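Opened the notebook to look through this one, helix by helix and then a few single residues. Jotting things down as I go.

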Amino acid sequence: MSSSERQITIGWLLRNQDESGGFCGRTGKDADACYCFWCGAALKILGAGDLVDSDKLAAFLARCQFKYGGISKAPGENPDPYHTYLSLAALSMYPPSVERAGDNIKSWEFQPLDPLLNAREQTALWIREHVPAKLV
């Protein structure tokens, strides 16, 4: 990928974080919790994760939480395992600031995630050390 292609891709991904704080999968679509991971992971891989508004992202995902457990694709919808997992994975990469989380900061703590392998950083390190590169 050329430098200009990288910048164009980063710009497109950043424009997909809409005013709700969530990410849209395609132009003109509503934000969806799973794209908080997909777009967020791509931005991390491209070295532009610091440009994500993590407070708005966390606020969007908090609105997607279901009162009895789980996270849905959008506020007001029913939760499912797919969106719950990817939302938690996104929050592990983009936790809210201490100012945003306040006294609840401990409830937002997750182990760091390797976005390329979608695994805990500790697990990704083990994989890179023990699995031949052709398989990873």
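**Helix 2.** I started with the span: helix 2 has 13 residues and runs 19 Å from its first C-alpha to its last, close to the 18 Å expected at 1.5 Å a residue. This is a predicted model, so I keep in mind that local features need pLDDT of at least 70. Next I pulled up the buried residues of helix 2, and they are Ala33, Cys34, Cys36, Phe37, Cys39, Gly40, Ala41 and Leu43. What covers them? I found helix 1, helix 3, helix 4 and strand 1 among the elements that do.

**Cys39.** I picked cysteine 39 out of helix 2 for a closer look. Is cysteine 39 buried or exposed? Its relative accessibility is 4%, and the cut-off for buried is under 20%, so cysteine 39 counts as buried. Not counting residues up to four places away in sequence, cysteine 39 touches Leu13, Asn16, Phe23 and Cys24. I also checked cysteine 39 against leucine 117: they are 78 residues apart in sequence, and their C-alpha atoms are 15 Å apart in space.

**Asn16.** One of those contacts deserved its own entry. Asparagine 16 sits in the loop between helix 1 and helix 2. I noted a relative accessible area of 4% for asparagine 16, which puts it in the buried class. Leaving aside neighbours within four places in sequence, I list its contacts as Gly22, Phe23, Cys24, Gly25 and Cys39.

**Helix 1.** Back along the chain, I looked up helix 1, residues 3-15. Its 13 residues reach 18 Å from first C-alpha to last, close to the 18 Å expected at 1.5 Å a residue. Ile10, Gly11 and Leu13 are buried in helix 1. Looking down the axis of helix 1, I see its buried residues fall within an arc of 165°, so they line one face of the helix. On the face turned away from that buried side, I found the exposed residues Ile8 and Arg15. Helix 2 (33-45) is included in what covers the buried residues of helix 1.

**Helix 3 against helix 4.** Two packed helices are described by the angle between their axes and the distance between the axes, and I looked up both. The axes of helix 3 (residues 54-64) and helix 4 (residues 81-93) come within 10 Å and cross at roughly 155°. That makes helix 3 roughly antiparallel to helix 4. I have the crossing of helix 3 and helix 4 down as left-handed. Which residues make the contact? Helix 3 brings Leu57, Ala58 and Leu61, while helix 4 brings Ser87, Ala90 and Leu91.

**Asn118.** Most residues other than glycine have a negative phi. I found asparagine 118 with phi near 50°, a positive value in a residue other than glycine. Asparagine 118 is in the loop between strand 1 (113-114) and strand 2 (119-120). With a relative accessible area of 26%, asparagine 118 is partly exposed.

**Ala119.** Last entry. Alanine 119 belongs to strand 2, and at 14% relative accessibility I count alanine 119 as buried. Leaving aside neighbours within four places in sequence, alanine 119 is in contact with Pro112, Leu113 and Asp114. I also looked up its separation from alanine 89: 30 residues in sequence, 8.7 Å in space, C-alpha to C-alpha.

Note on methods. Residues are numbered from 1 along each chain as its sequence is written. This is a predicted model: local features need pLDDT of at least 70, side-chain atom pairs count only at pLDDT 80 or more; totals for chains, interfaces and linings use all residues. Side-chain values use heavy atoms; hydrogens and water are left out. Helices (H or I, at least four residues) and strands (E, at least two) are DSSP runs, numbered from the N terminus. The expected span of a helix is 1.5 Å times one less than its number of residues. Buried means under 20% relative accessible area, exposed over 50%, partly exposed in between (1.4 Å probe, protein chains only). The arc is that of the directions from the helix axis to the C-beta atoms. Contact means heavy atoms within 4.5 Å. Axes are lines fitted to C-alpha atoms, for helices over the stretch in contact, and angles run from 0 to 180 degrees between N-to-C directions. Angles under 35 degrees count as roughly parallel, over 145 as roughly antiparallel, 65 to 115 as roughly perpendicular and the rest as oblique. A crossing is left-handed if the near helix is turned anticlockwise from the far one by less than a right angle, and right-handed if clockwise.
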